[in-house]
Amino acid sequence: QMQLAESGGGLVQTGESLTLSCVASGHTLSTSTMAWFRQAPGKEREFVGRLSWDNTYGYYANSVLGRFTISRDNAQNTVWLQMNNLKPEDTAIYYCAAGFGIEPAKYDYWGQGTQVTVSS
């Protein structure tokens, strides 16, 4: 069974950048689509982006397109979320997940989340 652990969250100011990491253990992530989701207080968990197992296909929510980039190194069992030009509305708990599609229900494995706070 795959365990996922996110790290790298923190408090940043508007316009700054942050990189989140997600390390898998217990099972290789090399055959999984990996995605990032986020959940702000009082809101539903929303899709941020996903990357195919072979690094060839990335898909992002319109709200982060052009600002966020997902990358992965299957040999290191690690996925990253590079976030640039952060905005206050990006404030949320960020989760990595293994599965497919853009719906949270399609993802079987989740990390515990890491908090990102963007101050104005």
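**Sheet architecture and the setting of Ser21**

Strand β3, which covers residues 18-25, and strand β8, which covers residues 78-83, are paired in the antiparallel sense over 6 bridges. The model described here is a predicted one. Within the pairing of these strands, Val23 has Thr78 in β8 as its bridge partner.

The β3-β8 pair belongs to an open sheet of 4 strands, arranged in the order β1-β3-β8-β7 with antiparallel pairing. The edges of the sheet are occupied by β1 (3-7) and β7 (68-73); each has a single partner strand, and one side of each is therefore left without a neighbour in the sheet. From one strand to the next, the twist averages 20°.

Ser21 offers a local view of this sheet, as the residue is found in strand β3. Its relative accessibility is 19%, and Ser21 therefore counts as buried, the limit for that class being under 20%. The side chain of Ser21 forms a polar contact with the side chain of Trp80, at 3.4 Å. When residues up to four places away in sequence are not counted, Ser21 touches Ala5, Glu6, Ser7, Trp36, Val79 and Trp80. Among these residues, Ala5, Glu6 and Ser7 fall within the range of β1 (3-7), while Val79 and Trp80 fall within that of strand β8 (residues 78-83).

At the level of the whole protein, the secondary structure consists of 11 strands and 0 helices. Read from the N terminus on, the succession of elements is accordingly written β-β-β-β-β-β-β-β-β-β-β. Contacts between residues distant in sequence are well represented: of those joining residues at least 6 apart in sequence, 54% link residues at least 24 apart.

The overall dimensions were also examined. The C-alpha trace spans about 40 × 25 × 25 Å along its principal axes. A compact globule with 120 residues would have a radius of gyration near 14 Å, and the protein, at 13 Å, agrees with that value. Of its 120 residues, 42% count as buried, and Ser21 is one of the residues in this class. The accessible surface of the protein comes to about 6100 Å², and carbon and sulfur atoms account for 49% of that area.

Definitions and conventions: Residues numbered from 1 in each chain as written. Predicted model: local features only at pLDDT ≥ 70, side-chain atom pairs only at ≥ 80, totals over all residues. Heavy atoms only, no water. Pairing = 2+ DSSP bridges. Helix = DSSP H or I, 4+ residues; strand = E, 2+ residues; numbered from the N terminus. Axes fitted to C-alpha atoms, helices over the stretch in contact; angles between N-to-C directions. Buried < 20%, exposed > 50% of the residue type's maximum accessible area, 1.4 Å probe, protein only. Polar contact = N/O pair within 3.5 Å; in protein donor to acceptor, adjacent residues only side chain to side chain. Contact = heavy atoms within 4.5 Å. Rg over C-alpha atoms; globule rule 2.2 N^0.38 Å. Areas by Shrake-Rupley, 256 points an atom, 1.4 Å probe, with all protein chains shown as cover.
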